[in-house]
Amino acid sequence: MGAGKSIGRNYRIWQRIQTAIEVVYPPRCIGCGEMAASDFGLCGPCWRETPFIGGTVCHSCGAPVPGSDDGHRIDCDDCLRRPQPWAEGRAALLYQGRARSLVLALKHGDRSELAKPAARWMAQAGRTLFRPDTVIAPVPLHWSRLLKRRYNQSALLSLHLGKEAGLPVCPDLLRRKRRTPPLEGKTAAERAETLREAITLHPRRGQVLRGRSVLLVDDVMTSGATLAACSRACQEAGAAHISVLVLARVAKDA
Ligand SMILES: [Zn+2]
Ligand SMILES: [Zn+2]
């Protein structure tokens, strides 16, 4: 092979690498994989199809409520009827449509790269929950589920949220002592009973919460039973203020 031919061939390979870099480098939409111009992680159409929670929300569970926020505390009917054991709660998305598929991809699809943009949305939705003494802690997974899924999506969200909010994260603050069966289809009382004593403070984290604020993080809130069990464990450990922040809230009418 002559030198000219080799240079030409190398040039063509270089051109191909350049093209590949240009194709790979622009941000990709985490919803559909198309090129996205913004750094929010979603292209325009996916952004419009993703049900972000905005406007007036329940201060306990983060669900949208009618009316305008005049600065006074607002609670939805469910939270008025059955007050949550935590002080404040927010959610970034409604658990439906494209938001549901993003949550499921993070939970079961090994799409850990979704956690960073998701945590950014959560930081936005939960910005009023951050206090100077807040420690962030994820809802724990039982170790057997952790083995199957490779990572705890709530712990991953917590770590990214900590960076967004500039707050410390304690990934092993809480732990699940025994494996709890799926809670779907159970009544509120049955869920609470199932979770009772299943979630406890890590024995080596006994003093972390004393007199401090804690922000509990999960991917989805349905009835709030799991977060309630976590809140009770934090209360017993002496937490002064408990709030919760989730990626998606199951809408009551959905
Ligand atoms: Zn898209
Ligand atoms: Zn509520």
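**View 1. The buried residues of helix H4 in this predicted model.** Ala 99, Leu 102, Val 103, Ala 105, Leu 106 and Lys 107 are the residues of H4 that count as buried. A helix turn takes 3.6 residues, so positions three or four places apart point the same way. The buried residues of H4 pack against three strands, namely S1 (88–94), S5 (213–221) and S6 (241–249). They also pack against three helices: H5 (115–125), H6 (143–149) and H7 (153–165). H4 itself covers residues 97–108, which makes 12 residues. From first C-alpha to last it reaches 17 Å, close to the 16 Å expected at 1.5 Å a residue. Just past the end of H4, look for Asp 110, which takes a positive phi of about 60°.

**View 2. A salt bridge from H4 to H2.** Here Arg 98 pairs up with Glu 49, and the closest N and O atoms sit 3.1 Å apart. The pair ties together distant parts of the chain: Arg 98 belongs to helix H4 and Glu 49 to helix H2 (residues 44–49), with the two positions 49 residues apart in numbering. How accessible are the two partners, Arg 98 and Glu 49? Arg 98 has a relative accessible area of 22% and is partly exposed. Glu 49, with 47%, is partly exposed too. The count for the model comes to eight salt bridges.

**View 3. Two more salt bridges, Glu 88 with Arg 90 and Arg 111 with Glu 113.** The side chains of Glu 88 and Arg 90 meet at 4.0 Å, N to O. Are these two buried or exposed? Glu 88 has 18% relative accessibility, and since anything under 20% is called buried, it counts as buried. Arg 90 is buried as well, at 9%. The other pair, Arg 111 and Glu 113, meets at 2.6 Å, N to O. Arg 111 is partly exposed at 28% relative accessibility, and Glu 113 is partly exposed at 44%.

**View 4. The surroundings of Arg 90 in strand S1.** Which residues does Arg 90 touch, leaving aside neighbours within four places in sequence? One group of contacts is Val 57, Cys 58, His 59 and Gly 62. Another is Ala 125, Gly 126, Thr 128 and Leu 129. Val 244, Leu 245 and Val 246 complete the list. With these contacts in view, recall that Arg 90 is buried, at 9% relative accessibility.

**View 5. An open sheet of four strands.** The strand order is S1-S6-S5-S2, with parallel pairing. S1 and S2 (134–138) stand at the edges with a single partner strand each, so one side of each has no neighbour in the sheet. From one strand to the next, the twist averages 20°. Strands in a sheet are paired through backbone hydrogen bonds, in a parallel or antiparallel fashion. In this sheet, S1 and S6 pair over six bridges, S5 and S6 over eight, and S2 and S5 over five. For landmarks, Leu 93 stands opposite Ala 248 in S6, while Met 221 stands opposite Arg 249 in S6. Ile 136 has Leu 215 in S5 as its bridge partner. S5 is mostly covered, with nine of its nine residues buried.

**View 6. Helices H5 and H9 against the sheet.** H5 lies across S1, S5 and S6, and runs at about 135° to S1. H9 (residues 225–236) packs on the sheet too, touching S5 and S6. The direction of H9 makes about 165° with that of S5.

**View 7. Helix H7, its cap and its cover.** H7 has 13 residues and reaches 18 Å from its first C-alpha to its last, close to the 18 Å expected at 1.5 Å a residue. What caps the N-terminal end of H7? The cap is Asn 152, with a side-chain oxygen 2.9 Å from the backbone nitrogen of Ser 154. Buried in H7 are Gln 153, Ser 154, Ala 155, Leu 156, Leu 157, Ser 158, Leu 161 and Gly 162. The elements covering these buried residues include H4, H5 and H6, along with strands S2, S5 and S6. Just after H7 comes Gly 166, with a positive phi of about 65°.

Technical notes:
Residues are numbered from 1 along each chain as its sequence is written. Chains are lettered from A and ligands numbered from 1 in the order in which they are written. This is a predicted model: local features need pLDDT of at least 70, side-chain atom pairs count only at pLDDT 80 or more; totals for chains, interfaces and linings use all residues. Side-chain values use heavy atoms; hydrogens and water are left out. The expected span of a helix is 1.5 Å times one less than its number of residues. Buried means under 20% relative accessible area, exposed over 50%, partly exposed in between (1.4 Å probe, protein chains only). Contact means heavy atoms within 4.5 Å. Two strands pair if DSSP finds at least two bridges between them. Axes are lines fitted to C-alpha atoms, for helices over the stretch in contact, and angles run from 0 to 180 degrees between N-to-C directions. A polar contact is a pair of N or O atoms within 3.5 Å; within protein, one must be able to donate a hydrogen and the other to accept it, and residues adjacent in sequence count only if both atoms are side-chain atoms.
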